[in-house]
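Biologist: I would like to learn how to read a model of this kind step by step, beginning with the overall layout and ending with single residues. Could you take me through it?

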Amino acid sequence: MEEVGRIYGDVGLGQFHLLLARPVERGDYVAVEDELHGKVLCQLDDLRRKSDLDLERAGALGNGEAGAIHESLLGVARIIGYRDAQGVVKCPTIPFRSGAHVFLAEEELIAEVLGLKHHSATGAYVGLLRNHSLKVELDINQLVQRHVSVLAKTGGGKSYLLGVLIEELLRHKVTCVIIDPHGEYGSLRSPAEKSPAQGRFGVEPQGFARQIHEFSPDPSLNPGAKPLTFSLRNTDPRELLVFMGLTNVKNYLGPLKQMLEAVAVANPEYTVHDLVRAAEAAEGAVAETLRERLEYVEQTRLLGPVGTSLHELVEEGVATLVNLRGVAPDVQELVVARIASTLFDNRKKGKVPPLFLVIEEAHNFAPQQGTATCSRILKNIASEGRKFGLGLCAVTQRAARIDKSVLSQCTTQLILQVTNPLDLKAIAQSIEGLTDGMTQMIQSLPVGVALVTGGGYHTPLFCEVRPRASRHGGESVQIVAA
Ligand SMILES: Nc1ncnc2c1ncn2[C@@H]1O[C@H](COP(=O)(O)OP(=O)(O)O)[C@@H](O)[C@H]1O
Ligand SMILES: [Mg+2]
């Protein structure tokens with residue numbers, strides 16, 4: 001083992017200080033040989049260069065009179081632990097000795113203590129341990145049973161990483177439903193172009209066309225998507241007002257209810273067109289507005305006599321994309337509410353397979369403040385979904401704005417670069433085992449590096465996300481040609 005330094009000063013049970021004999025990086029793994037338990041894995045949480053250059057001598061540097069500068073590189077290492085005979089990770093209960101040698105940890109020790117397994121039957125391969133060639137696999141059962149959050153600022157790589165995760169879930173034939181507000185995930189159908197990076201990660205281009213079904217409330221904007229419709233009869237008048245884009249419930253709810261009742265008596269299989277005609281026949285400004293808005297709803301074709309069937313929407317081993325591109329935000333909320341509650345109800349009854357429900361832009365659908373139509377059902381799924389094999393994956397660039405109860409129910413977190421102080425605070429508060437050093441590192445993570453917490457690991461780890469096998473669809477729009 002290569003020596004990197006020695007322990008000095010007071011030694012604690014959780015961390016120790018070391019004088020470094022060679023440069024290392026924050027986040028590097030080191031090891032200390034313990035008399036009782038053998039090699040113990042530790043991680044560098046902080047680094048500092050100490051020097052004897054004081055202010056006065058610094059001022060004299062310019063005229064060459066400062067003399068020699070003596071520097072030392074100091075580090076703080078956090079003790080992760082060792083695996084005992086039963087395979088349990090433990091920390092020594094007696095502090096290491098001051099003066100003890102600190103070594104660069106070997107990959108074998110890192111893999112053993114962190115619990116990194118190659119090709120486990122239930123593993124989703126998301127990338128390599130940063131600066132190592134060890135695979136990071138997330139336990140799929142944990143993901144689906146215990147919920148996941150993907151957190152990063154815009155452009156931090158959330159959709160890319162989620163694409164990686166969905167590729168893995170599809171390879172394991174896990175059923176997924178993805179709420180896709182920007183229509184980014186259709187590109188999972190096509191293989192990615194070959195790139196040198198794929199080699200290092202052992203990734204081969206692969207498309208998933210046969211395992212992707214796409215639906216959209218507005219297929220005219222989203223070619224390739226089948227129409228998503230809901231049953232008009234199962235839409236209550238308040239919901240209908242939202243579909244109509246009318247917020248003044250007091251003015252419109254009564255007249256709309258009357259119209260619905262009259263139309264339903266005349267024809268139990270009524271359509272939106274029947275409602276338009278009823279509004280035409282009525283007089284007054286309210287009826288006129290209702291007619292105009294009902295015509296708009298008719299055009300959207302979102303509400304029909306029979307809605308999209310559950311079996312069309314959810315198929316075992318298939319990822320269903322609910323493409324909401326071009327759909328008004330309040331209608332998006334209704335769509336998400338209807339889909340989430342249908343999935344939850346039918347999952348309870350065992351009518352759909354266990355599934356993974358991904359919500360992109362989750363801060364819009366389960367906000368901390370305000371009353372999004374779908375907040376309640378998403379909170380229910382977050383707190384109870386695991387009992388029924390309905391896993392939730394909340395993706396957001398605003399950790400501070402998403403409902404805290406949803407965030408705290410996600411036991412696997414995939415965190416990419418986050419710089420907003422409020423978001424960082426929300427993350428630090430909702431995640432156990434996150435050290436100050438890690439919170440600082442989150443702010444400067446390069447694109448493509450994620451901090452993984454949970455997912456079957458007892459300690460957070462940094463992972464270089466593997467390249468996509470399928471094409472990434474979230475490319476930013478070029479404003480000026482390069
Ligand atoms: N792991 C990665 N490897 C290579 N490029 C990446 C990776 N993650 C993200 N990118 C690049 O960064 C851009 C932004 O990523 P994206 O996932 O769309 O961000 P977000 O969804 O967080 O806004 C993408 O267009 C992609 O090219
Ligand atoms: Mg995105």
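Modeller: What follows goes from the whole chain to its sheet, its helices, its cores and one residue.

Biologist: Where should the reading begin, and how many helices and strands are there in the protein chain?

Modeller: Begin by keeping in mind that this is a predicted model, and then take stock of the whole. The protein chain holds 16 helices and 21 strands, and its C-alpha trace spans about 95 × 55 × 45 Å along the principal axes. Of the 482 residues, 51% are buried, and among contacts between residues at least 6 apart in sequence, 70% join residues at least 24 apart.

Biologist: How is the chain divided into domains?

Modeller: There is domain 1 (3–114), domain 2 (123–228 + 308–465) and domain 3 (237–304). The centres of domain 1 and domain 2, taken over C-alpha atoms, are separated by 36 Å, and 16 residues of domain 1 are in contact with 15 residues of domain 2.

Biologist: Turning to the sheet, what is the order of the strands in the open sheet of 12 strands?

Modeller: The order is 9-8-21-20-19-10-18-17-11-16-12-13, and the pairing is mixed. Strand 9 (135–139) and strand 13 (226–227) are the edge strands, each of them pairing on one side only. As one instance of a pairing inside the sheet, strand 12 (residues 212–216) and strand 16 (residues 319–323) run parallel and are joined by 4 bridges, with glutamate 214 having leucine 321 of strand 16 as its bridge partner.

Biologist: Which strands are joined to strand 18 by bridges, and in which sense do they run?

Modeller: Strand 10 (residues 148–151) is joined to strand 18 by 4 bridges in the parallel sense, and strand 17 (residues 355–359) is joined to strand 18 by 5 bridges, also in parallel. Two particular pairs can be picked out for inspection: leucine 151 has threonine 396 as its bridge partner in strand 18, while leucine 357 has leucine 392.

Biologist: How should I read the side chains of such a strand?

Modeller: In a regular strand the side chains alternate between the two faces of the sheet. In strand 18, Leu390, Leu392, Ala394 and Thr396 point one way, Gly391, Cys393 and Val395 point the other way, and all are buried. Because 7 of the 7 residues of strand 18 (residues 390–396) are buried, this strand is largely enclosed by the rest of the structure.

Biologist: Which strands does helix 13 touch, and what of helix 4?

Modeller: Helix 4 (residues 158–171) packs on the sheet and touches several strands, among them strand 8 (123–129), strand 10, strand 17 and strand 18, and its direction makes about 135° with that of strand 8. Helix 13 (residues 375–384) also packs on the sheet, where it touches strand 17 and strand 18, and its direction makes about 120° with that of strand 18.

Biologist: Is helix 4 mostly covered or mostly exposed, and how far does it reach?

Modeller: Helix 4 is mostly covered, since 12 of its 14 residues are buried, including Lys158, Glu167 and Glu168. From its first C-alpha to its last, helix 4 reaches 20 Å, close to the 20 Å expected at 1.5 Å a residue. Just after helix 4, lysine 173 takes a positive phi of about 60°.

Biologist: How should I think about the nonpolar cores?

Modeller: In soluble globular proteins, nonpolar side chains tend to be buried together. Here the largest nonpolar core has 76 residues, of which Met244, Val335, Leu357 and Ile359 touch the most other members. Helix 11 (residues 329–348) gives the most to this core, with 9 residues. Domain 2 (123–228 + 308–465) and domain 3 (237–304) both give residues to this core, so it lies between them. A second, separate core of 51 residues includes Leu129, Val136, Val395 and Leu461.

Biologist: Which residues is methionine 244 in contact with, apart from its neighbours within four places in sequence?

Modeller: With that exclusion, methionine 244 is in contact with Leu256, Leu290, Arg293, Leu294, Tyr296 and Val297.

Biologist: As a last exercise, is aspartate 274 buried or exposed?

Modeller: Aspartate 274 has a relative accessible area of 18%, and because buried means under 20%, it counts as buried. Aspartate 274 lies in helix 8 (residues 272–281) and, leaving aside neighbours within four places in sequence, is in contact with Val263 and Asn267. The C-alpha atoms of aspartate 274 and isoleucine 431, which are 157 residues apart along the chain, are separated by 53 Å.

Definitions and conventions. Residues are numbered from 1 along each chain as its sequence is written. Chains are lettered from A and ligands numbered from 1 in the order in which they are written. This is a predicted model: local features need pLDDT of at least 70, side-chain atom pairs count only at pLDDT 80 or more; totals for chains, interfaces and linings use all residues. Side-chain values use heavy atoms; hydrogens and water are left out. A nonpolar core is a set of buried Ala, Val, Leu, Ile, Met, Phe, Trp, Tyr and Cys residues joined through side-chain atoms within 4.5 Å. Buried means under 20% relative accessible area, exposed over 50%, partly exposed in between (1.4 Å probe, protein chains only). Domain bounds come from an automatic or database domain assignment. Contact means heavy atoms within 4.5 Å. Two strands pair if DSSP finds at least two bridges between them. Axes are lines fitted to C-alpha atoms, for helices over the stretch in contact, and angles run from 0 to 180 degrees between N-to-C directions. The expected span of a helix is 1.5 Å times one less than its number of residues.
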